[in-house]
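Load the model in a viewer and keep a selection prompt ready. Each stop below gives a selection and then says what is found there.

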Amino acid sequence: MDKVPRKKEKKRIGRKTILLILLCCMAAAGAGAYFLNRPAPVPPLVGGEEKTLLLSRPAEEIASVAFSPAEGTAYSLIRQGDSFGLMGYEDTPLKALALDEFFMSVEELPAETVVLQDLDRNDELSMAVFGFSPVQGRMAITYADGEKKELLLGNLTPDTEKPQRYCMLENDPALYTILASDAIPFLREMDYWLDFTQPKLDSSLLDRIDISGNVSWSAFYTPTGWQMEAPFSYPLAPLRMDALLEKISATGFESFLGDAEKVDLARYGLEAPALAVRLTQAATVITGQTAEGEDVTLPVPETVYTLQLGDETGKSGVYALWENKVYKASNFLLGFWKSLNPMDYLLQTPVNFYVNNLSALTFSMDGRTRRYEVRMVESITENNQIAADEYGRILYDCAVRRAGEEQDMDAEAFLSWYTRLASLSGDGRLPDDFVLSGESRCTILLENDNWTRQIDFYPYDALHDALAVDGMALYYVQKTWLDGVMDAP
């Protein structure tokens, strides 16, 4: 790899001129403290200029790298044969992608601009303006031949179209800028480097969710849909639950902090966590083939995972305890647990059994009861053949029979009426202190092989009925709704 190229003469903005501009601005604003944190503008590159290489040696020649982030503990990467380890954690593997990203930056690090050729490091005003008092980050690379390069990182520049960061080399009076993206690997905290295995949750196998702490909620899966168990029993909305399960399956962490028994849990707010989540994954069977081509099956028993959330990290994140290991996680992935509201997941349309998952329906109103038995039968073509789709899968039709009758009824009439039942939805929330009283005006009973749901309409006021699902009344509906379904076929 080429060494640092000869620098061409650059058009410069003199140090005195920049400081004069800053002082004038400070005087106009009348607040010097504000301008101590306001970065100076970056002069544009002159067309055709070659960029100065601040670092230009291959990764194979690096012996160690010392980091001193503005926040967090100083640490070092040290060479271990053909790879690197973290001092103090030599037996813990590092993230391969993190190392690749780092070496991509340090093997050839170009300066985007030369802001000043000679910055007085004893000038506190200038050092503060550019973010070197205090310094935002420091990185020292030691090469195998003894050469040492120390890079100081300052503030981000005002350039938002092409984000850059001020930087300096130790023993070099010039002030440079580098791409903000190139600086990211130099500002990492120590825990970011440690490799770990991310959770692999299959949301399709989740059987149960239990949450305690700031939020109290329990829900379990049935083939008919998710059912809330606590704080009260109520069916849950399929689409909302699907969205929640997607978030759960995306569970992941930013960095590994250590095994629970080796870290101070109280430091991370995990001794008495704000939230505890228990996820139960159903037993399953994994199938595959051996190297010899033999089919094998491997039973996987029911698995219970535990997640606890502690204090905020202060950087849009949260500390988490997962399977007895402490992690740092982003609120982007795990923040939904802290804002979860069970009331947002309640089913608004209680007549939601699919017809192919409905075995019986009972409708009772005004002393009249109709019970319908529903089953799926093979569809028959005009040629008296079993109908199938283009993939050879058998097609089915809905068959309906009134209880006590010997012949099937008109299925289309039933399905049309059932569609009207499925439109049932609460028009508003009942008061929290509402108590059911009196007798039900109408009862709809839905049944299948694994679940029974009872929906009752109780008098609420002159215009509305209270809608009770399995005895729990949360919503009211207009009395006139029943007028549209009372003509049960």
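Select E412 and T419 in helix α8: both are exposed, on the other side of α8 from its buried residues. Buried means under 20% relative accessible area, exposed over 50%, and partly exposed in between, with a 1.4 Å probe and protein chains only. Helices (H or I, at least four residues) and strands (E, at least two) are DSSP runs, numbered from the N terminus. This is a predicted model: local features need pLDDT of at least 70, side-chain atom pairs count only at pLDDT 80 or more, and totals for chains, interfaces and linings use all residues. Residues are numbered from 1 along each chain as its sequence is written, and side-chain values use heavy atoms, with hydrogens and water left out.

**Helix α8, the buried side**

Extend the selection to residues 411-421, the whole of α8; A411, F414, W417, Y418 and L421 are the buried residues here. Why are they on the same side of α8? They cover an arc of only 130° around the axis, the arc being that of the directions from the helix axis to the C-beta atoms. An α-helix has 3.6 residues a turn, so residues three or four places apart point the same way.

Now show the strands β22 (360-365), β23 (368-378), β24 (396-402) and β26 (442-447), which are among the elements that cover the buried residues of α8. Contact here means heavy atoms within 4.5 Å. At the start of α8, add D410: one of its side-chain oxygens comes to within 3.1 Å of the backbone nitrogen of E412. A polar contact is a pair of N or O atoms within 3.5 Å; within protein, one must be able to donate a hydrogen and the other to accept it, and residues adjacent in sequence count only if both atoms are side-chain atoms.

**R368 and its contacts**

Stay with β23 and select R368, which lies in that strand. R368 is partly exposed, at 36% relative accessibility. Leaving out residues up to four places away in sequence, R368 touches F363, M486 and A488. With A488, look at the backbone oxygen, 3.3 Å from a polar atom of the R368 side chain. With M486, draw a C-alpha to C-alpha distance: 9.9 Å in space, for a separation of 118 residues in sequence.

**Helix α7**

Next select residues 331-339, helix α7, where L334, G335, F336 and W337 are buried. The cover over these buried residues includes α6, together with β11 (206-213), β16 (275-281), β19 (303-312), β20 and β21.

**Backbone details**

Which residues sit in the loop between β20 (317-322) and β21 (325-330)? E323 is one of them, and N324 is found there too. Phi of E323 is near 50°, a positive value in a residue other than glycine. N324 is not a glycine either, and its phi is about 70°. Both are partly exposed: E323 at 34% relative accessibility, N324 with a relative accessible area of 45%.

Then go to two cis peptide bonds. One joins S133 and P134, with omega about 5°; P134 lies in the loop between α4 (124-129) and β7 (137-143). Another joins A230 and P231, with omega about 10°; P231 is in the loop between β13 (225-230) and β14 (234-235).

**Two pockets**

For the largest pocket, select E189, M190, D191, L257 and K328, the nearest to its centre among 32 lining residues. On a 1 Å grid over the protein atoms alone, a pocket is an open set of points where a 1.4 Å probe fits, with protein on both sides within 12 Å along at least five of seven lines; lining residues have an atom within 4 Å of a point. The space in this largest pocket is about 1,000 Å³. A volume is the space filled by probe spheres set on the points, which are joined across faces, edges and corners. Strand β15 (255-259) gives the largest share of the lining, five residues.

The second largest pocket has a volume of about 320 Å³. Select T224, G225, P238, N352 and Y354, the closest to its centre of the 16 residues that line it. Helix α6 (238-249) and β13 each give two or more residues to this lining, and α6 gives the most, with three.
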